[in-house]
Amino acid sequence: MKRIMIYMAVLLMGISMSNGEVAAQEADEARIYTIVVDRFLNADSGNDISVTDDEDAPLPFGGDFEGIQNNLDYIEKMGFDTLMLSPVFDKADEDYLGYDVEAYGEVEAAFGGAEAFRDLIDAAHGRDMEVVVDMPATMADGYTALEDPELNALQQSYYDMIDAEFIDFTNADNQTRYKEMAQAFVDEYDVDGVSMTLVQDGIDAESFMPEGVTTYGIIPGEGMSAEGFDHVNDPAMTNQLTESFSTTDREIPEHPTDGTLLLADHWFSERFTKSAVEENMFPGTRISQLTAYLYAYPGPIAFQYGTEVALNGDDIPHVHRQMDLWTDQEVVDYIESLNNVLSQHPNMFEGEREILKNEDGHYVQRYYTSDVDFILNLNDTSVTENAEIPIESQDEGKMLSGLLIGDLLRSSDMEDDAFLAVLDREETELYAVIEERGFNNGYIYAGLLIFGGFGIFIWIVARRGRRSGE
């Protein structure tokens with residue numbers, strides 16, 4: 001009963017929180033779900049080409065646009081507002097990933113073709129979701145080849161299988177031809193953005209990428225740089241995130257301030273789950289903690305399909321396993337809950353941020369807004385941790401209301417002009433700094449009447465049962 005009453009009080013306080021209208025941050029906060037089209041879900045077997053059920057063979061599994069469209073609700077509920085698709089162009093029949101391009105002017109028939117592609121985009125737009133397509137850097141007729149591509153081990157393994165050559169994006173003729181092709185593609189299909197997984201250092205996206213859409217540069221390995229993209233990932237940051245969140249008690253990198261694209265993993269990287277398993281940690285908890293960190297970032301993030309159900313793998317084709325929508329539902333539920341909380345507070349990212357603590361896996365950050373401030377308390381350590389949250393001048397007479405777990409910190413929980421927040425190991429709480437108030441007695445009395453009346457009813461039924469048996 002006590003737990004129920006506390007839950008009711010927290011819920012009612014959350015409902016009664018200030019709800020002033022504040023403009024959301026102008027920065028791009030895209031929540032991107034990256035999908036290898038062939039590996040997500042096969043909804044239409046009628047378009048299957050060279051399909052196998054052998055997970056050890058680098059051949060198509062039959063995934064298609066319809067399979068993605070049928071699961072937009074699943075993706076949206078987790079908070080993703082952008083799909084990033086692996087290449088969708090006409091490809092060799094036995095290629096599953098899409099970089100063995102045969103014609104840039106056509107959409108791959110095995111994925112459903114142009115009509116199914118348009119249907120997917122229309123369905124996504126109907127949900128205010130955007131669609132980004134990865135543009136291959138691989139050769140097709142009419143381009144001059146790059147002599148020395150820079151590839152990580154997974155790229156090298158895959159591209160050796162398809163015997164790929166690459167477009168030299170420092171060549172002026174290549175730039176013009178590619179930009180015209182890409183512009184025609186995004187205009188025809190109303191695509192919202194394009195990405196490119198880079199194989200060449202020092203290129204300028206403005207010279208060959210289309211205009212009027214968001215552009216993302218995916219750098220698979222350290223030592224490369226690129227200009228002209230709206231957002232680029234930092235591979236060193238990706239590696240650091242993997243190292244930090246695959247286990248506990250490791251330093252967590254601070255959120256970037258320059259719009260860097262944060263990646264959990266990518267289709268040309270090892271799965272995040274693999275690192276957690278190697279550390280003998282429970283993948284579900286590791287994924288949940290990483291997700292909380294990513295979703296609390298006021299910038300674009302990309303989350304590889306299946307990470308939420310702990311897909312594993314470290315080589316081609318095992319990093320691209322078939323999606324299993326029903327594995328580890330607990331993690332999916334957590335991500336949905338996290339999204340529900342954050343979506344109710346779009347002003348959280350509108351102002352400045354301040355790191356209050358970052359020590360051996362304990363990361364505490366304050367978000368300043370024009371309305372309600374927020375405090376992220378991420379305990380990614382192996383023990384219960386305390387965090388002293390300083391009282392600022394605007395905090396007088398206020399309390400911390402936990403939005404994820406329901407922790408409440410009042411003035412009575414202060415020590416030396418600071419709130420003392422205690423959080424169990426491997427847990428995350430997000431506090432809203434709100435006016436201190438007592439429990440709403442009216443609601444509590446109503447709850448007592450309801451539960452009390454139910455108890456009396458049970459007592460009467462039981463008593464009558466005893467009488468009838470006498």
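Asp 249 turns up in the loop that runs between H8 and E11. In this predicted model, its phi is positive, at about 65°, although the residue is not a glycine. That is worth a second look, since most residues other than glycine have a negative phi. Asp 249 counts as partly exposed, because its relative accessibility is 35%, between the 20% and 50% cut-offs.

Another aspartate shows a similar backbone feature. Asp 190 sits in the loop linking helix H7 (172–189) to strand E6 (193–197), and its phi, near 60°, is again positive in a residue other than glycine. With a relative accessibility of 46%, Asp 190 is likewise partly exposed. One more backbone oddity belongs here: Ile 316 and Pro 317 are joined by a cis peptide bond, with omega at about 5°. Pro 317 is part of the loop between strand E12 (301–304) and H11. As a rule, most peptide bonds are trans.

Back to H8, the helix on one side of the Asp 249 loop. H8 spans residues 235–245, and its buried residues are Pro 235, Met 237, Thr 238, Leu 241, Thr 242, Ser 244 and Phe 245. Their cover includes two strands, E11 (262–263) and E15 (373–379), along with helices H9 (272–278) and H10 (283–295). At the start of H8, Asp 234 brings a side-chain oxygen to within 3.0 Å of the backbone nitrogen of Ala 236.

Just ahead of that spot comes Asn 233, in the loop between strand E10 (231–232) and H8. Asn 233 has a relative accessible area of 4%, so it falls under the 20% cut-off and is buried. A polar atom of the Asn 233 side chain lies 2.6 Å from the backbone nitrogen of Ile 219. Leaving aside residues up to four places away in sequence, Asn 233 touches Gly 217, Ile 218, Ile 219, Thr 238, Thr 260, Leu 261 and Leu 263. One of these, Thr 238, is also among the buried residues of H8.

As for pockets, the second largest has a volume of about 560 Å³. It is lined by 23 residues, and those closest to its centre are Glu 29, Arg 31, Gly 79, Asp 81 and Ser 343. Helix H11 (residues 329–343) supplies the largest share of this lining, with three residues.

Stepping out to the whole protein chain, the secondary structure amounts to 12 helices and 20 strands. The chain has 470 residues, 52% of which count as buried. Its accessible surface is about 20700 Å², with 45% belonging to carbon and sulfur atoms. Among contacts with a separation of 6 or more, 70% are between residues 24 or more positions apart.

Confidence averages a pLDDT of 89 over the protein chain, and 87% of the residues score at least 70. Two stretches fare poorly. Residues 1–26 stay under 50 in pLDDT, and the model gives them 33 contacts beyond four places in sequence. Residues 439–448 are also below 50, with eight contacts in the model beyond near neighbours in sequence. Where pLDDT is low, the predicted coordinates should not be read in detail.

Technical notes. Residues numbered from 1 in each chain as written. Predicted model: local features only at pLDDT ≥ 70, side-chain atom pairs only at ≥ 80, totals over all residues. Heavy atoms only, no water. Buried < 20%, exposed > 50% of the residue type's maximum accessible area, 1.4 Å probe, protein only. Helix = DSSP H or I, 4+ residues; strand = E, 2+ residues; numbered from the N terminus. Contact = heavy atoms within 4.5 Å. Polar contact = N/O pair within 3.5 Å; in protein donor to acceptor, adjacent residues only side chain to side chain. pLDDT = per-residue confidence, 0-100. Areas by Shrake-Rupley, 256 points an atom, 1.4 Å probe, with all protein chains shown as cover. 1 Å grid on protein atoms, 1.4 Å probe; cavity = no way out; pocket = protein on both sides within 12 Å on 5 of 7 lines; lining within 4 Å. Points joined across faces, edges and corners; volume = space filled by probe spheres on them.
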